[in-house]
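Me: I'm new to this one, so could you walk me through it slowly?
Reply: Gladly; here it is, and then we can take your questions in turn.

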Amino acid sequence: MIERVGLIGAGGVSHVHAQAWRELGRTVTVYSLDGAPELARQYGFELADDLDEVLRTSDLIDVVTPTPSHREITVAALEAGLPVICEKPLGATQADAVAVAEAARAAGLPVFPAHVVRYMPDYAALKAALDAGRIGPVAIARWWRHGEAPGAGSWFHDESAGGGIVRDLMIHDLDQALWQLGEVVEVYGVQSGASETGEPNAVAVAVLTHASGAISQLTASWGPRGTTFRTGYAVFGAEGMLRSDSDRNGPYLADVPGDAASSGYMPPQTRAVSPYTAEIAGFLDVVEGREAAARVGVDDGVAAVALAELVMQSIAEGRAIPVGRVDAAERESGELR
């Protein structure tokens, strides 16, 4: 039973994790180089003086620090015998992500990369529909994700330190493309705007060719201050279309001609339970033995980082990049084959 959680980090995403742990009734100790007293006071958590203390007094570690520190902290937690939840991306580089996966296997402990979109109802509904073959073989999928750019000067804009629009924002939909449509065999990416300098209006587009023959087009953009966060997908198959759009009241639309069981919207979106809470509860189900496997595992985290690096390579080189293999479902190790 996980009773005491060590929450490492106190930045923006720490709040949704903190809310989830409070809802789940766990005792939380916070450690961070900056902002820990304020976070602890807001949520009624305890404070740790250093990393060693939080590792020594916790049953599980939740890493919500900036990406460049994910590898070091996660490996330290595993070496201390603790399962880990780690915010996406799993590592600042593919090499870092692979090192985390190898450390997890050596320790015989789970690492759960927090790809929360898998726990959002409209994306989970898409997965169920595709697995059930509701629209037949997929031909084209469009994925989009747009929001306000992080503040200039932060690590989010530093691609050499694990940031950048592809690795930080598009990675959600790169993970979705792998989860929903499977193995990718070719990657092509373009980008306008200089995400590494913190300028707004950076836009990145990636085109993925899947082994199935399906094509995914992904668009991610960082806009100026005040930009409304928007996300969605449209997936077209031989027998219909599935769509989600955060700008619509009913974001999940099934357009499957001849499907008498469909009411048009399936199922209606709900945020009665935060997807962050659902995600963390799902991880706890595995650690505490109620479920055999989580919806997302360490190898999925490796695959998403690897695919992001290929998109970034394509952008830098201006050419399509063939992929040896980026397929989380069939991965046997943390290295690409």
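**The sheet and the cores**

Reply: This is a predicted model, and in it six strands form an open sheet with parallel pairing, in the order 3-2-1-4-5-6.

Me: Which strands stand at the edges?
Reply: Those are strand 3 (46–47) and strand 6 (111–114), and because each has a single partner strand, one side of each is left without a neighbour in the sheet.

Me: And how many bridges join strand 1 to strand 4?
Reply: Four bridges join strand 1, residues 4–8, to strand 4, residues 60–63, and one pair of bridge partners is isoleucine 8 and valine 63.

Me: What does helix 4 touch on the sheet?
Reply: Helix 4 (residues 70–79) packs on the sheet by touching strand 1, strand 4, strand 5 (84–87) and strand 6, and its direction makes about 175 degrees with that of strand 5.

Me: Back to strand 6, is alanine 114 buried or exposed?
Reply: Alanine 114, which lies in strand 6, has a relative accessible area of 1%, and because buried means under 20%, alanine 114 counts as buried. Leaving aside neighbours within four places in sequence, its contacts include His17, Ile85, Cys86 and Glu279.

Me: New topic: how many residues has the largest nonpolar core?
Reply: The largest nonpolar core has 68 residues, and Trp143, Val166, Met170, Leu174 and Leu208 have the most contacts inside it. Helix 9 (residues 298–317) gives the most to this core, with 10 residues.

Me: Which residues does a second core include?
Reply: A second, separate core of 25 residues includes Leu7, Ala20, Ala40 and Val286.

Methods:
Residues numbered from 1 in each chain as written. Predicted model: local features only at pLDDT ≥ 70, side-chain atom pairs only at ≥ 80, totals over all residues. Heavy atoms only, no water. Core = buried A, V, L, I, M, F, W, Y, C linked by side-chain atoms within 4.5 Å. Buried < 20%, exposed > 50% of the residue type's maximum accessible area, 1.4 Å probe, protein only. Helix = DSSP H or I, 4+ residues; strand = E, 2+ residues; numbered from the N terminus. Pairing = 2+ DSSP bridges. Contact = heavy atoms within 4.5 Å. Axes fitted to C-alpha atoms, helices over the stretch in contact; angles between N-to-C directions.
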